[in-house]
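Please open the structure in your viewer and keep the selection tool at hand. The tour below proceeds one selection at a time.

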Amino acid sequence: MPQESVLGPVLFNLFINDLDEELECTLSKFADDTNLGGVVDTPEGRAAIQRDLDRLESWAENNLMRFNTGKCRVLHLGRNNPMHQYRLRADLLESSSVERDLGVLVVDKLTMSQQCDLVAKKANDLLGCVKKNEASRLRETFLPLYSALVRPHLEYCVQFWPPQFKKDEELLNRVQWRATRMMAKLFSVVPSNKTRGNGHKLKHRKPHLNLRKNVFTLRVTEHWNRLPRVVVDSPSLEIFKTHLDKVLCSLL
């Protein structure tokens with residue numbers, strides 16, 4: 001069956017439909033990912049898992065298939081876990097402290113800090129791409145991009161990995177705050193009823209780094225505030241350009 005075909009996954013699911021028959025433990029199947037889990041606080045529980053592994057290997061041999069033991073890992077959960085070694089065929093399965101299951105990092109201590117770090121990094125990387133490629137950052141264009149590209153990473157399977165610690169919650173919140181700041185207007189108008197000046201003076205946020213002093217929004221504000229009222233109050237873009245040319249020529 002060709003890769004990426006529509007019918008392929010359906011036929012594969014039908015083919016492995018009887019994979020979990022006669023198993024004693026819990027088997028989770030999603031496409032070609034298979035997870036076997038059980039309670040191991042007693043020798044009988046550990047033996048049951050090994051018997052199920054033997055049954056899975058027998059099923060694979062009978063159906064002319066083979067498990068990739070190089071990708072099979074054992075994730076031991078619980079403080080008093082005996083860390084028993086299991087085998088698939090003659091190969092001992094390696095233990096792992098963290099495994100990715102359908103895009104979610106599951107840690108042996110069941111803390112979700114690594115998952116939060118992973119999600120925040122992906123979301124920030126995508127925000128950076130949006131920032132580079134969407135110059136206007138208007139609400140009408142930014143919100144659909146954020147909802148389609150960034151937000152799914154923050155919400156994917158979140159019922160399973162909600163932040164447990166305040167630092168993880170703040171890490172995810174910073175992604176939202178960054179997106180909100182990116183959507184903010186470049187300038188804000190200083191409210192004033194004074195007749196002195198052009199009546200439409202702008203202000204900008206004070207930069208925290210010397211590097212940001214050369215940003216366009218900071219460099220242009222001072223020049224705009226010096227323009228006379230006749231330029232700023234121009235009724236059209238063409239008239240604005242004409243008045244601006246006259247003011248610039250007078251400065252030469």
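Helices here are DSSP runs of H or I with at least four residues, numbered from the N terminus. The model under examination is a predicted one.

**First stop: a residue in helix 2.** Select residues 43-62, which form helix 2, and find Asp52 within them. Is Asp52 buried or exposed? Its relative accessible area is 0%, and because buried means under 20%, Asp52 counts as buried. Next, display Glu22, Leu23, Glu24, Cys25 and Leu36: Asp52 touches these residues, leaving aside those up to four places away in sequence. At Cys25, the side chain of Asp52 reaches the backbone nitrogen at 2.7 Å. Then add Leu88, which is 36 residues from Asp52 in sequence and 10.0 Å from Asp52 in space, C-alpha to C-alpha.

**Second stop: the largest pocket.** Select Thr34, Asn35, Leu36, Cys72 and Arg73, which lie nearest the centre of the largest pocket among its 44 lining residues. The space in this pocket is about 1,600 Å³. Helix 2 is one of the elements that give two or more residues to the lining. By residue type, the lining comprises 27 nonpolar, 9 polar and 8 charged residues.

**Third stop: the nonpolar cores.** Select Leu127, Phe142, Tyr146, Leu154, Trp161, Leu172 and Val175; of the 18 residues in the largest nonpolar core, these touch the most other members. Now colour helix 3 (113-133), helix 4 (139-155) and helix 5 (166-183), each of which supplies at least two residues of this core. Which helix gives the most? Helix 3 does, with 6 residues. Finally, select Val40, Val74, Leu88 and Leu93, which are among the 9 residues of another core, apart from the largest.

Note on methods:
Residues are numbered from 1 along each chain as its sequence is written. This is a predicted model: local features need pLDDT of at least 70, side-chain atom pairs count only at pLDDT 80 or more; totals for chains, interfaces and linings use all residues. Side-chain values use heavy atoms; hydrogens and water are left out. A nonpolar core is a set of buried Ala, Val, Leu, Ile, Met, Phe, Trp, Tyr and Cys residues joined through side-chain atoms within 4.5 Å. Buried means under 20% relative accessible area, exposed over 50%, partly exposed in between (1.4 Å probe, protein chains only). Contact means heavy atoms within 4.5 Å. A polar contact is a pair of N or O atoms within 3.5 Å; within protein, one must be able to donate a hydrogen and the other to accept it, and residues adjacent in sequence count only if both atoms are side-chain atoms. On a 1 Å grid over the protein atoms alone, a cavity is a set of points where a 1.4 Å probe fits but cannot get out, and a pocket is an open set with protein on both sides within 12 Å along at least five of seven lines; lining residues have an atom within 4 Å of a point. Grid points are joined across faces, edges and corners, and a volume is the space filled by probe spheres set on the points. Ala, Val, Leu, Ile, Met, Phe, Trp, Tyr, Cys and Pro count as nonpolar, Asp, Glu, Lys and Arg as charged, and the others, Gly among them, as polar.
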